[in-house]
Amino acid sequence: MTNTNLIDIKYQQTGKSTNTNELGMRDMQAKVYAARNEQYLLVKAPPASGKSRALMFVALDKLANQGVKKVIVAVPEKTIGRSFQNTLLKKYGFFEDWQLAQYFNLCDAEFEKDKIGRFKEFFRQKSTNKLVCTHSTLRLAIKEMDNEVFNDCLLAIDEFHHASASVESNLGDIIRDLMAETSVHIVAMTGSYFRGDGVPVMRPEDERRFHHITYNYYEQLNGYQHLKSLGLGYHFYQGNYLTAIEEVLDTTKKTLIHIPSVNSRAATGLGKHTEVEEIMNFCGVKGNRNYDTGITEVVTPDGSTLRFADLVEDNATERTTLQSYLQRMNRKDDVDIIIALGTAKEGFDWQWCEHCLTVGVRGSLTEVVQIIGRCTRDCEGKEHAQFTNLIAAPDATQENVSKSVNDMLKAIVASLLMEQVMAPSWNFKTIKEFTEGGEVLGEREIIVEGLKPLSSVKTTQIVTEQLDDLKATILQNDMMVRALDGNTPAEVINQVLIPKIIKEKHPDLSDEEVEEVRQRIILDTIVKGNDVTESAGNRLLQITNRFINIDKLSINLINTINPFQRAYEILSKNVTASVLKLIQDTIAEQKYDMSIEEAIILFKGPLKEYLAKHNDKLPSVNDPSPQVQKLAQAYAIIVNEKRRHLTGLQD
C-alpha cells in the first residue's frame, strides 16, 4: 500500500534553541533557570531540548544558594542515566560543573551491586551530594526508608508522565506523600504531559502547586542549527510486516527500529528473536557478534558492513554488555541500526539517529512523541529526520476486524496529534483585545469575530499550557475516534462531542469556561500549521481544502468546519476502496447513541438543508448514506421528544 508523509515541515535553522547565553544555557534552559527558586517545578519540553542539563543548572544553584543538601535524579530506565553523567559547565560560563560519583550512579550498567543499599547509604554519608537511579530503584528503596530523609533534598523525576494520580501508582504516591510530609524540592520533567490510559499525571490540587515551564516542539526544532526538515509518515501494509520492511527501511540511514510486542496484533507469531533475524537477513548476511561490545555485524550486498545493536536480546549478560557500549558510544559509526522492543524510547541519546521506524500502533501521544524524539536531535551532517509508522491495514478475512480498524484509526489519530504538536501556532485575539491594545497584528496573529475572552486563571492556563494535551484527550476519546468516518457533521463534533470531553477532563469549569476553551481548541486545531497566501488583496488560509479570508474569520464559520477532516482524507486517499468501505462499515456498527443535543444541532442545520434540497421529503434510516441515516435518527428523536413534551403538558 501507500507510503506517505503526513507532515513535511521545513525549519528555519535560527539557532535560537541551541545557541547558549553567557552562562552556557540554551533558550529553554534559561527559562527553567529563571524559575530556579520555585520549590516545585514542572518542565514540559521536547526530547533533545536539554532538560537534563536544565536540571543540572537548577540543582547546582539549589545546592549552593537555597539550602538544599542532596539531589536525587530518577529516570525510567538505566540507559537514560547516561544524560546525567559528569558534565563540564564552568568552561561555558556557569559557576560549577556537574560531578557525579560513579558509586552513586545507580544506572551504570557495569556496576549493579546492591543498588538499594547504596541508595540508603547516600543519605548517611557526607562526601557527595548527587545520586542518579531508576524510577524502580526509587520506588523500592523508599519503602525501606522514612520520608523525613528527603527534607531539604531535591528530587528530580525525569519522564514525569510515568507518575499518575491513580491510587495504584507507586511513583505518584511517593510524590504526593513527600509534598505533604516533607520540605522536599521537586523538579518534574516530561516531553509530553499525557498518559495513554487517560489517568491524569497529578491531581489538580497538586498540579496547581507547581510552577509550569512549557517549551514547545516547534520552538525547539525551528531553533536548531543543522536539522532542516522533519517528515512524519505512515505505511499501510497487509499480511506480515516483515514483507513490508524493504519498502520503508533505508539501510544508509542511522535507524532505530521498534518491533511490536509479541502480544500485539502486529506481531508475526514467529517470535521476537526470529523477527530480529529476519530484519537482519533483509539487510544482508549476518556476520559475527562482538562479545566485547554486543554489536552484530551484517554485510550488505554492496559489501559494506552494518553494525546492529539488538536490544531485544534476553540474555542478561549480553544485554548489559550492549547497554554499556551504547551508554559510552561517542562516534557516528559506532552503530548503524538499533532494534528494540520496549526500550530506547524515553531519553535514549543517539544524536546521529536519522530514522525512527515503528511497527504497530502505539498506545499514546506520549509514546509517539518520545520515539520521534530519538531522531530529532540536532547533529552536524543531519539535515532531515524521519519517523515512519508501519501500520497493518484491516482485512475482511481477519477474525476481529473491529480491533484492526481501531488500531488503524488510533495510528491516524497519533499522526494528526503530532501534526498539531510539530507545527507553528497562531495567536487568536478578540476584537476587543485588538482595539484596546492599539497594536499592529503580529505575523501569526488573527482577530476572530465572536471569540470569547479568557475569563479565568483556569482557562488561561489550559489554553497556554495544556492545549496539545487536551487535544490528545479529545481525539483519542472513543466517541471522537468513531466520529472520524467522514459522516459525522462538523456541528456535532464541535458543539456536542468536544464540549462533553472538555467537561469530563475539567469538571470544575463552568459552561462559559468550557465554551472559551472549546473555541480555542477548534481554532487551534483547524488553523494550526497553515500559511497565509495573498490573493486579490486578501489574506487567505487554506483549511480542509477551503480558502478562507483570514480577515473575516469568525467562530460561526469555524463551527461549520470539521476539525478532524484530515483523518478522513488520510484514509480515503491512502487505502484501497475496499479497505475504506470495511473501515466505514465497522465504525457504523460501533456507533454511539445519539444524544438530544446532537439531534437538535442536526435538526436546526443539516436536516433543514436536506429538506430544502429534497422538496421536504423526510430522510430514511434505510438510506444507503450514513449521513442521511443520521438525519433520520435525529428527526425521530426530535419528534419523540416533542411528543413527550406535549403529552406532559396535557397531563
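**A tour from helix α2 through the parallel sheet**

Begin by selecting helix α2, residues 51-65: in this predicted model, the helix lies across β2, β3, β4, β5 and β6 and runs at about 170° to β6. Add helix α3 (115-124) to the selection. Helix α3 also packs on the sheet, where it touches β3, β4 and β5, and its direction makes about 160° with that of β3.

Next, hide the helices and display the sheet alone. Six strands form an open sheet with parallel pairing, in the order β4-β3-β5-β6-β2-β7. At its edges are β4 and β7 (211-214), each of which pairs on one side only. From one strand to the next, the twist averages 15°. Strands of a sheet pair through backbone hydrogen bonds, in either the parallel or the antiparallel sense.

For one pairing in detail, select β2 (residues 40-44) together with β6 (residues 185-190); five bridges join these two strands in the parallel sense. Centre the view on Tyr 40, whose bridge partner in β6 is Ile 186.

Now bring back helix α4, residues 135-142, and show its side chains. Which residues of α4 are buried? They are His 135, Thr 137, Leu 138, Ala 141 and Ile 142. These residues cover an arc of only 165° around the axis, which puts them on the same side of α4. To see what they pack against, display β3 (70-75), β4 (130-134) and β5 (153-157), along with helices α3 (115-124) and α5 (170-181).

Move on to a pairing of the other sense by selecting β10 (residues 285-289) and β11 (residues 295-299), which pair in the antiparallel sense over three bridges. Within this pair, Lys 286 stands opposite Val 298 of β11. The two strands form a hairpin with five residues between them. Select Gly 294 in the turn, which has a positive phi of about 85°.

Finally, zoom out to the whole chain, which has 24 helices and 20 strands. Its radius of gyration is 27 Å, close to the 26 Å that the globule rule gives for 651 residues, so the chain is as compact as a globular protein of that length. Along the principal axes, the C-alpha trace spans about 85 × 60 × 60 Å. Colouring by burial would mark 55% of the 651 residues as buried. The accessible surface comes to about 28300 Å², with 46% of it belonging to carbon and sulfur atoms. Of the contacts between residues at least 6 apart in sequence, 72% join residues at least 24 apart.

How values were computed: Residues numbered from 1 in each chain as written. Predicted model: local features only at pLDDT ≥ 70, side-chain atom pairs only at ≥ 80, totals over all residues. Heavy atoms only, no water. Buried < 20%, exposed > 50% of the residue type's maximum accessible area, 1.4 Å probe, protein only. Helix = DSSP H or I, 4+ residues; strand = E, 2+ residues; numbered from the N terminus. Arc of directions from axis to C-beta. Contact = heavy atoms within 4.5 Å. Pairing = 2+ DSSP bridges. Axes fitted to C-alpha atoms, helices over the stretch in contact; angles between N-to-C directions. Rg over C-alpha atoms; globule rule 2.2 N^0.38 Å. Areas by Shrake-Rupley, 256 points an atom, 1.4 Å probe, with all protein chains shown as cover.
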